[in-house]
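Please walk through this structure with me, beginning with its interior and ending at its surface.

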Amino acid sequence: MIAVPARINFVTLAVDDLDRARAFYAGLGWAPDGPEGAGAEEVAFYDLNGVIFALYRRDHFRGDLRLPPGPRTGAAETAFAINVETPEQVREVLGQAEQAGGVILAPAQQTPWGGTAGYFADPDGHAWEIAYNPGMPLDAEGRVRLG
């Protein structure tokens, strides 16, 4: 059985208005990194020295978590992400999280961006994404680098 990797690759915030959120972070001096084009109207990525900070449209975020449309609900509006090396590891890590007392929010499944992802909640309800993304490979230390 695979141990859950002790790392955070992404911190994702659900936002109501992606353009407004991008403008706010631009005002802090943050420039978006990463993929342009497909998906740019849904998500913005910022490389924070090896941890990727993502702003994700709330409607898409809630859909990923299998939550009904609606207003903010607290902890379910943020997700931490652990990227793994293979699609099979997504399923293994979700299984380990469930065995440890987590609740599966969304099982491992193919994604529109060509990877595999699923979500679990820790005992306090914090959402974690486990993802394999072939377009964002991990380096030897398990870090994602954009661009």
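A nonpolar core is a set of buried Ala, Val, Leu, Ile, Met, Phe, Trp, Tyr and Cys residues joined through side-chain atoms within 4.5 Å, where buried means under 20% relative accessible area (1.4 Å probe, protein chains only). This is a predicted model, in which local features need pLDDT of at least 70, side-chain atom pairs count only at pLDDT 80 or more, and totals for chains, interfaces and linings use all residues. Residues are numbered from 1 along each chain as its sequence is written, and side-chain values use heavy atoms, with hydrogens and water left out.

The largest nonpolar core has 17 residues, of which F10, F45, I52, F61, M136, V144 and L146 touch the most other members. At least two residues of this core come from each of the strands β1 (10-15), β2 (43-48), β3 (51-57) and β4 (78-83), and β3 gives the most, with three residues. Another core, of ten residues, lies apart from it and includes V84, L94, W128 and I130.

Along the sequence, the protein follows the pattern β-α-β-β-α-β-α-β-β-β, which comprises three helices and seven strands; helices (H or I, at least four residues) and strands (E, at least two) are DSSP runs, numbered from the N terminus. Of the 147 residues of the protein, 39% count as buried, and the C-alpha atoms fill a box of roughly 45 × 40 × 25 Å, taken along the principal axes.

At the surface, F24, which lies in helix α1 (residues 18-27), joins L28, W30 and L48 in a nonpolar patch of about 370 Å². Such patches are made of residues with over 30% relative accessible area and no salt bridge, with like charges joined within 9 Å and nonpolar side chains (Val, Leu, Ile, Met, Phe, Trp, Tyr) within 5 Å; a salt bridge is a side-chain nitrogen of Lys or Arg within 4 Å of a carboxyl oxygen of Asp or Glu, and accessible areas come from the Shrake-Rupley method with a 1.4 Å probe, only the protein chains shown counting as cover for residues.

Note on methods: Buried means under 20% relative accessible area, exposed over 50%, partly exposed in between (1.4 Å probe, protein chains only).
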